[in-house]
Amino acid sequence: MISFSISLSSVLKALGLFVLYLVGLAVYRLYFHPLAKIPGPKLAAITTWYCAYFDVYLGGQYLWAIRDMHAKYGPVVRIMPDVVHVNDPGFVDKLYTQSPRLRRERAPTVLKMFSKHYSMLPTKDHDLHRRRRAVLSRFFSHQNVRRLMPLFDETLSNLLGRLERCAKETDHDGSPKPVSLNPYFKATTKDIIQSYAFGGGSMCLEMEDLNEPFFEVLDSGRMAPISVHFNSLTTAMQSLPPAILTRLVPSVLAIIVFVQDLKKDIEAIKASADDESVQAPERRSIFHEVLTSDIDASDKETERLVDEGMVLAIAGADTTALSLSALSFHVLNDPAIFKRLRAELDAAIPDASQFPDPVKLDACVYLNALIEETLRMYPSATHRQDRVAPDEDLLYTYADGRSLVLPKGSSIGMTAPLVNRSPLLYTDPDTFNPDRFISNPALARRSMTFSRGARQCIGINLAYQELQTFTAGLFRKYSPYDPSLKKQKGPTLELYNTTIKDIELHADYVTAHAYPGSQGLQVRIREG
Ligand code: HEM
């Protein structure tokens, strides 16, 4: 009895101490923390559970809570105890500076999404990141992307071939079965990055299931917020032996096979370093670039190269595919948009059986404005692009001249879905209006869709080329279905059960997600 009361009192004591610690921590964070002067909700300043509630429990919703905080507290808000968010396009150049001398590190919020991972993306250190990135940037240059147009032509042809097959599948009433185009676009962009960066491998457009299990696992990008808040849990999961992991989550097998193939490729390239046929430009992969560079030997280890490959495959597939879906929706939903686009494509590709010429597509003013407006309104990477300036305080100046010091070492971020709709940059920011980029082409340089500065998307040239080529290929061939005609004038796409809600951003899981249960962009395909 006595021992029970003693242990109860020690439990109470421990509990009391813990509560005291929490109160002390809350007081410190509210009044003595370096970010104590930054406006924002008190709960967000006290605990990361506030963010976790929106991002994990409600599912990718903190973005909207942050939007509301800005409406209440102004352009600079404290969104977590250690994190500030800025919503002002005028601050972009300061935070995402172009100057290589001003160090910008990856913030812990992003690093926590990755555990034991050595690609350039989650490289914290500014200088190591620069070295790793420099090895690959040449590979992703505009010039290099243009060299591989035959790959784009072949992939476009595979995509159109798969869509033709869909058109043959009919419902019981004889009308073509509706298909979601998202998996087709993902397969297309993954095939491009697979061939372009890795020099070959299994092609999704040749697989019956379009490699959907691979993308399903990636869609556990939903896991990203969980990793941020419960990092040890996801690290423990990833440390499990593959056999156990696949038992727990069978779809992970698709990723394991992908990683094993990458390892084999890298080992083969290492073994054939002197074989000149493997060094031919069209067979060169990112792994050749890294292995023949003068980067440290430790950076050439197979494990790290696999990580680099994984990030490219993940970052390069879903993002561009989402943009293709959003753009296609607007073209199919608005006859005026289609008419202007088609007139330009007919002139640029007079013979519909020819592949689009990229130089001619560059001159298609409306096509390129359409792409810009899609990227602005529907940025497919929706996360907070947090950075740390380790050496300098950043000064934010309000419109009325007041200023606020954002102390060095803090995590500071901006978010494309918010900045890209800033009324300070765009008139009627919520209206889809490609013409704004025709009347003011310089606007394209203000977009946050691919981020800015030293850690801007390395695949930007590849993404633009994919958007140009596949939009042109698709809409040079297909027109929107016209129900008023007895006989259509050629191949058509008819929107099916798809509204703007299937395209609009509902949740930020690093990439954009529509409302739960949305099937994305669905169409009925008719070949004539
Ligand atoms: C519309 C398509 C795309 C969008 C919207 C997009 C967006 C972004 C954004 C916003 C970042 C910066 C992330 C941050 O700093 O937090 C980024 C980085 C990156 N992207 Fe993309 N991306 C796209 C396509 C691609 C493609 C096709 C590739 C394939 C090569 C790619 C590879 C990467 C890589 C490797 C990084 C990390 C760069 C670094 O850390 O230096 N992305 N992307």
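A pocket here is an open set of grid points with protein on both sides within 12 Å along at least five of seven lines. The model is predicted.

**Exercise 1.** State the volume of the second largest pocket and describe its lining.

Solution.
Step 1. The volume of the second largest pocket is about 1100 Å³.
Step 2. Its lining has 47 residues, and those closest to the centre are Leu322, Glu504, Ala512, His513 and Ala514.
Step 3. Elements that give two or more residues to this lining include helix H4 (62-73), helix H10 (182-198) and strand S12 (511-513). The largest share comes from H17, with 5 residues.
Step 4. Sorted by class, the lining holds 22 nonpolar, 13 polar and 12 charged residues.

**Exercise 2.** Identify the protein donor to the iron atom of the ligand and place it in the chain.

Solution.
Step 1. Donors are N, O and S atoms within 2.8 Å of the metal.
Step 2. A single protein atom qualifies: SG of Cys457, 2.3 Å from the iron.
Step 3. Cys457 sits in the loop between helix H22 (435-439) and helix H23 (460-477).

**Exercise 3.** Describe the shell around the ligand and list side chains in polar contact with its oxygen atoms.

Solution.
Step 1. The shell has 27 residues, of which His129, Arg133, His383, Arg387 and Cys457 come nearest.
Step 2. H17 gives the most, 7 residues. Helix H7 (126-137) supplies at least two.
Step 3. The classes are 12 nonpolar, 11 polar and 4 charged residues.
Step 4. Polar side-chain atoms lie at these distances from an oxygen atom of the ligand: His383 at 2.7 Å, Arg387 at 2.8 Å and Arg106 at 3.0 Å.

Conventions
Residues are numbered from 1 along each chain as its sequence is written. This is a predicted model: local features need pLDDT of at least 70, side-chain atom pairs count only at pLDDT 80 or more; totals for chains, interfaces and linings use all residues. Side-chain values use heavy atoms; hydrogens and water are left out. Donors are N, O and S atoms within 2.8 Å of the metal (3.2 Å for Na, K and Ca); water is not among the atoms, so sites may look incomplete. Helices (H or I, at least four residues) and strands (E, at least two) are DSSP runs, numbered from the N terminus. On a 1 Å grid over the protein atoms alone, a cavity is a set of points where a 1.4 Å probe fits but cannot get out, and a pocket is an open set with protein on both sides within 12 Å along at least five of seven lines; lining residues have an atom within 4 Å of a point. Grid points are joined across faces, edges and corners, and a volume is the space filled by probe spheres set on the points. Ala, Val, Leu, Ile, Met, Phe, Trp, Tyr, Cys and Pro count as nonpolar, Asp, Glu, Lys and Arg as charged, and the others, Gly among them, as polar. A residue is near a molecule or strand if one of its heavy atoms lies within 4 Å of it. A polar contact is a pair of N or O atoms within 3.5 Å; within protein, one must be able to donate a hydrogen and the other to accept it, and residues adjacent in sequence count only if both atoms are side-chain atoms.
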